Amino acid sequence: MEQEANKKRKIIHIDMDAFYASVEQRDFPEYRGKPVIVGGPPNSRGVVATASYEARKFGVRSAMSSRRAVQLCPEGIFVYPRFDVYKEVSRHIREIFDRYTDLIEPLSLDEAYLDVSVDKLGIGSAIEIAKLIKQAIKDELRLTASAGVSINKFVAKIASDMNKPDGLTFIGPSQITTFMEQLPVEKFHGVGKVTAEKMKKMGLHTGGDLKRLSENEMKQYFGKPGGFYYRIVRGIDEREVQPHRETKSAGAEDTFPVDLTEAEEMNRELERIGGLVTTRLKRHNLKGRTITLKIKYSDFKQITRNQSLSFATDDLEVIVRTAKQLLAAVDHEDKAIRLLGISLSNFGELITIHGSSTQLSLFD
């Protein structure tokens, strides 16, 4: 079996708990125990970068518009992100990782994969290393992290999300088949809300349901990602932890429940999506020179338009203004718009996070 090849790998996924909000609560005692929302000001076109667990009880989530967040949580404390502080904390976290392995793949400022199949200190146990990392983060930074431990990246990432905050979940080789069969489709990383809804309408609610389909059927129904879904539902993920991955692009897109026909509502959505893109660029320490607009129409025809700037940017106003200009220059032929997306690329020099490069996959 292909899964056998992964059995000797020891993969940890570390994910900081409500990272930006937790840093704010650590540094400002008056915020502790209160709903903290890091992101754009309330009633602005900004978005939520991170919400504290107190704010999440009201339904506030990352990527939500600030306007919606204040409706859900009127007593929320809105805090503008301090990215310089978060980056410094992130560097310290990386130093902790470095004590145990050089095979570290940062995904953003607040999460990373570690391959500890052979660890520097000869500890031998991935679970024990995860415990030591969590304790060091708590002792040295007064923050908490959740950890997932398994034989591959996909399962480790899901595991880290299971017992937040301050959790540690191990899913061993003998557990993977049952675990994946019981996992709801919306919990599969890479399955967005639109794909999850499509799956459910087809009667596919769990990994076990997906497992009934052949690889060709998966590709037929879900395109190229279908091949990936076919493998991961069987616990097969041979992707290595890669410390050096070149960044290609970063962005966000959204499929709308109701197709858009009016320029005003299209521009409003671009403002929201632009806010997401800006937050993600800052989180990943990136600035791009080329802005690309993606449009998918109700007939599923898809086009892209892009513009290259003379300077690299992560500025919300520049990104949204450029996207709106690109949109206005397109003849839509009276067709309604099903999806809009904005991405930035052409980063020039390789950007480093935690001292090593990273590639983003943010269209989800």
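The largest nonpolar core of this predicted model has 36 residues, and those with the most contacts inside it are I12, F19, L114 and I133. Such a core is a set of buried Ala, Val, Leu, Ile, Met, Phe, Trp, Tyr and Cys residues joined through side-chain atoms within 4.5 Å, where buried means under 20% relative accessible area with a 1.4 Å probe and protein chains only. Because the model is predicted, local features need pLDDT of at least 70 and side-chain atom pairs count only at pLDDT 80 or more, while totals for chains, interfaces and linings use all residues. Residues are numbered from 1 along each chain as its sequence is written, and side-chain values use heavy atoms, with hydrogens and water left out.

**The cores**

- Among the elements that each supply at least two residues of the largest core are β1 (11-16), α1 (19-27) and β7 (145-150); helices here are DSSP runs of H or I with at least four residues, and strands are runs of E with at least two, numbered from the N terminus.
- Helix α5 gives the most to this core, with 7 residues.
- Apart from this core lies another, of 29 residues, which includes V47, L276, I295 and L340.
- Leaving aside neighbours within four places in sequence, I12 is in contact (heavy atoms within 4.5 Å) with residues including L114, I129 and V149.

**The sheet β3-β2-β4**

- Three strands form an open sheet in the order β3-β2-β4 with mixed pairing, two strands being paired if DSSP finds at least two bridges between them.
- The edge strands, β3 (48-51) and β4 (77-79), each pair on one side only.
- Strands β2 and β4 pair in the parallel sense over 3 bridges, and V79 in β4 is the bridge partner of V38.

**Helix α13**

- The 13 residues of α13 (residues 316-328) should span 18 Å, since the expected span is 1.5 Å times one less than the number of residues, and this agrees with the end C-alpha atoms, which are 18 Å apart.
- Buried residues of α13 include V318, I319 and L326, and what covers the buried residues of this helix includes α12 (263-283) and β12 (337-345).
- At the start of α13, a side-chain oxygen of D315 reaches to within 3.1 Å of the backbone nitrogen of E317.

**Residue T290**

- T290 is found in strand β10 and is buried, with a relative accessible area of 9%.
- Leaving out residues up to four places away in sequence, T290 touches residues including N306, S343 and N346.

Terms used
Buried < 20%, exposed > 50% of the residue type's maximum accessible area, 1.4 Å probe, protein only. Polar contact = N/O pair within 3.5 Å; in protein donor to acceptor, adjacent residues only side chain to side chain.
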